[in-house]
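User: Please take a close look at a single part of this model and then set it within the whole. I am new to the structure, so kindly explain each term when it appears.

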Amino acid sequence: MRIRPVGAHALLLDCADADPSEADLVEAWRAELWHRRDQGDLAAVEIVPAAGTVLLDGLTDPAATAEQLSRWAPAVTAAAAARADERPHPAEVVVPVDFDGPDLPVVADHWRVDVPAVLRRLTGTRFRVAFCGFAPGFPYLTGLPADLALPR
């Protein structure tokens, strides 16, 4: 993980090309940083996870915070997930979706199933919002089993 300064009051934790996966490392850092902030060990106004990074904004002393971060090592395990569960979570949100795109037959072909099976797999999967994108109302989701991943 690399720590990069961003402006006068922020740091970016870059988890790209990480082992374990960058998504797992981002989630572990997010959970660790929220926990540290709740404990009073971190003074950050905002902690913003993204696909491969975590932004810490509103820091009074980014250099001192970077030094602190270099000594911390979040657990990329069930412990990190348990720590994330310490915070209150909103109720499950069910989002109505229209599955009518031209890509459905392509997905079905890739998965070697028919279109109704694609719909059953997708609607039977519990997704979690990992972070929100740059377009309003566009969340990036995790939870799709690795064996269902598609090439871009």
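Analyst: Helices and strands here are DSSP runs numbered from the N terminus, with H or I over at least four residues for a helix and E over at least two for a strand. The model is predicted, so local features are reported at pLDDT of at least 70 and side-chain atom pairs at pLDDT 80 or more, whereas totals for chains, interfaces and linings use all residues. Residues are numbered from 1 along each chain as its sequence is written, and side-chain values rest on heavy atoms, with hydrogens and water left out.

The part chosen is the loop between helix 5 and strand 5 (128-132), where T125 is found. T125 is buried, its relative accessible area being 16%; buried means under 20%, exposed over 50%, and partly exposed in between, for a 1.4 Å probe and protein chains only. A polar atom of the T125 side chain lies 2.6 Å from the backbone oxygen of R121. Beyond its neighbours within four places in sequence, T125 is in contact (heavy atoms within 4.5 Å) with G143, L144 and P145. G143 is 18 residues from T125 along the chain, and their C-alpha atoms are separated by 7.2 Å.

A contrast is offered by R112, in the loop between helix 4 (104-111) and helix 5 (115-123). R112 counts as exposed, because its relative accessibility is 78%. Its phi is near 60 degrees, a positive value in a residue other than glycine. Most residues other than glycine have a negative phi.

These loops belong to a protein of 5 helices and 6 strands, whose elements run β-β-α-β-β-α-α-α-α-β-β from the N terminus on. Of its strands, 4 form an open sheet in the order 1-2-4-3 with antiparallel pairing; two strands pair if DSSP finds at least two bridges between them. Strand 1 (2-6) and strand 3 (46-49) each have a single partner strand, so these edge strands each have one side without a neighbour in the sheet. Neighbouring strands are turned by 20 degrees against each other on average, direction ignored. Strand 2 (residues 10-14) and strand 4 (residues 53-57) are joined in the antiparallel sense by 5 bridges, and D14 stands opposite T53 in strand 4. Helix 2 (residues 62-71) packs on the sheet, touching strand 1, strand 2 and strand 4, and its direction makes about 30 degrees with that of strand 2. For such angles, axes are lines fitted to C-alpha atoms, for helices over the stretch in contact, and values run from 0 to 180 degrees between N-to-C directions.

A nonpolar core is a set of buried Ala, Val, Leu, Ile, Met, Phe, Trp, Tyr and Cys residues joined through side-chain atoms within 4.5 Å. The largest one has 16 residues, and W29, L33, L56 and L69 have the most contacts inside it. Strand 2, helix 1 (22-39), strand 4 and helix 2 each supply at least two of its residues, the largest share, 4 residues, coming from helix 1. Not counting residues up to four places away in sequence, L33 touches L13, L42, I47, V54, L56, L69 and W72. Another core, of 6 residues, lies apart from it and includes L104, V107, W111 and L148.

Across the protein's 152 residues, 27% count as buried.

Methods: A polar contact is a pair of N or O atoms within 3.5 Å; within protein, one must be able to donate a hydrogen and the other to accept it, and residues adjacent in sequence count only if both atoms are side-chain atoms.
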